Amino acid sequence: MTARESPATALDAAIERVVGDLAVLHHDHLSGLLPPERAALAAAHRDLATAEGAVAYHRNALMRLSSGSYPVDAPLLDRLRRTVHDLAQATAARDRLQEGVAAALEEVRDAAPAAAPADEELTPRDFAALLSLAGGGTMREHLLTHRVSVRTVQGRLIELPAFQRLEAHGLVTRDTSRALTVGQPVTLTDTGRTALLGTRRSPITAPVPARPAGAWPTPARHH
């Protein structure tokens, strides 16, 4: 179940501010692409959405029973009592799950890396992958095997863990408005371009060796 197929929850907006589009979050969860904290959040949000559906079901049943379409008698009053009880239980379960989603969202916030990571947080292979993606790339899911891969515009395969580290650090981004099976274009972020420029160090100029004692002075240059 994706976020777009399930009922909206009270925390949807807060989640999307942290992780982006909820449909993409759930798709990546099913594809096994998420780190543990985000996977826990996706699972908790899925359960909360189901609980919201139960609340909506019992609320609609109560509205239908009290709409005036049924005669007010003992059987109706009994059905009303049962429906109110079921609605109260569904609401209590929804509230417990909502607390769990809020806690999972905090875990994701706590696990988020700094926007501009220090060089030592990424390996040389990560920076090599970043350099390869400077011209762009594509993340794509195979239709048959459902394996996800990232390739540069030159066709070089980027290791998925390396790409995920770059993405987690905010160095690369992908167009999640496109389906993975079609291919999501990958580009460097401003932070990624800055980090890449920081790896291109100027060569250190070797110091001029000291002249040994007693050596003839260097002749003065005439301009």
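Of the 223 residues in this protein, 32% are buried. Here, buried means under 20% relative accessible area, exposed means over 50%, and partly exposed is in between (1.4 Å probe, protein chains only). The model is a predicted one, in which local features need pLDDT of at least 70 and side-chain atom pairs count only at pLDDT 80 or more, while totals for chains, interfaces and linings use all residues. Residues are numbered from 1 along each chain as its sequence is written, and side-chain values use heavy atoms, leaving out hydrogens and water.

## The overall plan

Let's start with the big picture. The protein has 7 helices and 5 strands. Helices (H or I, at least four residues) and strands (E, at least two) are DSSP runs, numbered from the N terminus. Read from that end, the order of the elements is α-α-α-α-α-β-β-β-α-β-β-α.

The protein exposes about 14200 Å², and carbon and sulfur atoms supply 58% of that area. Accessible areas come from the Shrake-Rupley method with a 1.4 Å probe, and for residues only the protein chains shown count as cover. Take the contacts between residues at least 6 apart in sequence: 57% of them join residues at least 24 apart. A contact means heavy atoms within 4.5 Å.

## The sheet

Now for the strands. Strands of a sheet pair through backbone hydrogen bonds, either parallel or antiparallel. In this model, 5 strands form an open sheet in the order 3-2-1-5-4, with antiparallel pairing. Strand 3 and strand 4 (172–174) are at the edges with a single partner strand each, so one side of each has no neighbour in the sheet. Two strands are said to pair if DSSP finds at least two bridges between them.

Strand 1 (residues 137–141) and strand 2 run antiparallel and are joined by 5 bridges. Within this pairing, Met-139 has Val-150 of strand 2 as its bridge partner, and Glu-141 stands opposite Val-148. The hairpin of these two strands has 6 residues between them, and His-146 there takes a positive phi near 65°.

On to the next pair: strand 2 and strand 3 (residues 157–158) are antiparallel too, over 2 bridges. Val-150 stands opposite Ile-158 in strand 3. This hairpin has 4 residues between its strands, and Gly-155 takes a positive phi near 90°.

Which residues of strand 2 point to one face and are buried? They are Val-148, Val-150 and Thr-152, whereas Ser-149 and Arg-151 point to the other face and are not buried. This fits a simple rule: in a regular strand the side chains alternate between the two faces of the sheet.

Helix 6 (residues 160–168) lies across strand 1, strand 2, strand 3, strand 4 and strand 5 (184–188), and runs at about 100° to strand 4. Such angles run from 0 to 180 degrees between N-to-C directions, with axes that are lines fitted to C-alpha atoms, for helices over the stretch in contact.

## Salt bridges

Side chains of opposite charge can pair when their charged atoms come close. A salt bridge is a side-chain nitrogen of Lys or Arg within 4 Å of a carboxyl oxygen of Asp or Glu. How many salt bridges does a search of the whole structure find? It finds 10, including the three in this table.

| Acidic partner | Basic partner | N to O distance |
|---|---|---|
| Glu-52 | Arg-94 | 3.3 Å |
| Asp-78 | Arg-82 | 2.4 Å |
| Glu-167 | Arg-174 | 2.6 Å |

The salt bridge of Glu-52 with Arg-94 ties together parts that are 42 residues apart in sequence, because Glu-52 lies in helix 3 (residues 36–65) and Arg-94 in helix 4 (residues 74–111). Glu-52 is buried at 12% relative accessibility, and Arg-94 is buried at 16%.

Asp-78 and Arg-82 are 4 residues apart in helix 4, so about one helical turn separates them. Asp-78 is partly exposed at 33%, and Arg-82 is partly exposed at 44%.

In the remaining pair of the table, Glu-167 is partly exposed at 28%, while Arg-174 is buried at 11%. Salt bridges with shared partners join Asp-28, Glu-167 and Arg-174 into one network.

## A pair of histidines

Is His-26 of helix 2 (residues 22–30) buried or exposed? His-26 is buried, at 4% relative accessibility. The side chain of His-26 makes a polar contact with the side chain of His-45 (2.9 Å). A polar contact is a pair of N or O atoms within 3.5 Å; within protein, one must be able to donate a hydrogen and the other to accept it, and residues adjacent in sequence count only if both atoms are side-chain atoms.
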